[in-house]
Amino acid sequence: MVVVGAVLSVIALAGCGEHAANGPNAQERGQAASTVPGSPGADPSKVSVDVVDENGLKAALAQRKGKVVLVDFWATWCEPCRELLPHTIQLQRDFGSKGLDVISLSLDDPEEESAVLGFLVSQGAEIENFISQYGTSPRSMTAFGISDGSLPHLKLYDRQGALYRTFRAGEFQPADIDRAVEELLNKS
């Protein structure tokens, strides 16, 4: 039993490997919009999701020049993503006034927008939220430069809009993101 538990822990820490092409639908994942215990809810009128492609994300990044930007690529079917997203949202609350902008980009199918929105509302995600027009297809991974095909996947951009650091599933802890964000915010 201990070995099975250890193996499952390693799989969970490694993230959601190339699951995008075979992501479960809303019925299969059941409670996609459940709230993480202790998470703040949001005013539903302050949380929205827009369908976007790679050009839409590039435009959103371009609009934020002069700010540090953290993009969290996630999906409702990815448990490590669901666990990390509240931390990402909290970073916006903690550092938004210091020049950080956080964007979430779901790799769920666009038809699952209501499940994605429900989860975001339950997490208080009053940030810019997108859903990939390519959904769970491998094209999402290609379009958004997620070369290893694993989630969660985060990208941190400096104030000039240049990619500063990438956080790949299984290769980081939330504290690593915090340090990189603070480092960039403290640069002039």
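Five salt bridges turn up in this structure, which is a predicted model. As a bit of background, side chains of opposite charge can pair when their charged atoms come close.

A good place to start is R64. This arginine pairs with D101 in a salt bridge, with 3.1 Å between the closest N and O atoms. The two partners come from distant parts of the chain, 37 residues apart: R64 sits in the loop between helix 3 (54-62) and strand 2 (68-74), while D101 belongs to strand 3 (residues 100-106). R64 has a relative accessible area of 11%, so the residue counts as buried. D101 comes out at 16%, and that also makes it buried, since the cut-off for buried is under 20%.

R64 has another partner too. Its side chain meets that of E128 in a salt bridge, with 2.3 Å from N to O. Here the stretch of chain in between is 64 residues, and the bridge ties the loop between helix 3 and strand 2 to strand 4 (residues 128-132). With a relative accessibility of 26%, E128 is partly exposed. Put together with K67, these residues make up a network: R64, K67, D101 and E128 are all linked by salt bridges.

Elsewhere, E79 and R82 form a salt bridge of their own, the closest N and O atoms lying 3.6 Å apart. Both residues are in helix 4 (residues 79-95), and because they are three residues apart there, about one helical turn separates them. The two ends of this pair differ in exposure: E79 is partly exposed at 43% relative accessibility, whereas R82 is buried at 8%.

Next comes the nonpolar side of the picture. In soluble globular proteins, nonpolar side chains tend to be buried together. The largest nonpolar core in this model has 50 residues, and the members that touch the most others are L100, L151 and I177. Plenty of elements feed into this core, with two or more residues each coming from helix 3, strand 2, helix 4, strand 3, helix 5 (113-122), strand 4, strand 5 (153-157) and helix 7 (174-186).

What does L100 touch, leaving aside residues up to four places away in sequence? The list runs to V68, V69 and L70, then L91, Q92 and F95, and finally V181 and L185. Strand 3, which begins at L100, also holds D101, the buried partner of R64. The salt-bridge network and the nonpolar core thus both draw on strand 3.

Technical notes: Residues are numbered from 1 along each chain as its sequence is written. This is a predicted model: local features need pLDDT of at least 70, side-chain atom pairs count only at pLDDT 80 or more; totals for chains, interfaces and linings use all residues. Side-chain values use heavy atoms; hydrogens and water are left out. A salt bridge is a side-chain nitrogen of Lys or Arg within 4 Å of a carboxyl oxygen of Asp or Glu. Helices (H or I, at least four residues) and strands (E, at least two) are DSSP runs, numbered from the N terminus. Buried means under 20% relative accessible area, exposed over 50%, partly exposed in between (1.4 Å probe, protein chains only). A nonpolar core is a set of buried Ala, Val, Leu, Ile, Met, Phe, Trp, Tyr and Cys residues joined through side-chain atoms within 4.5 Å. Contact means heavy atoms within 4.5 Å.
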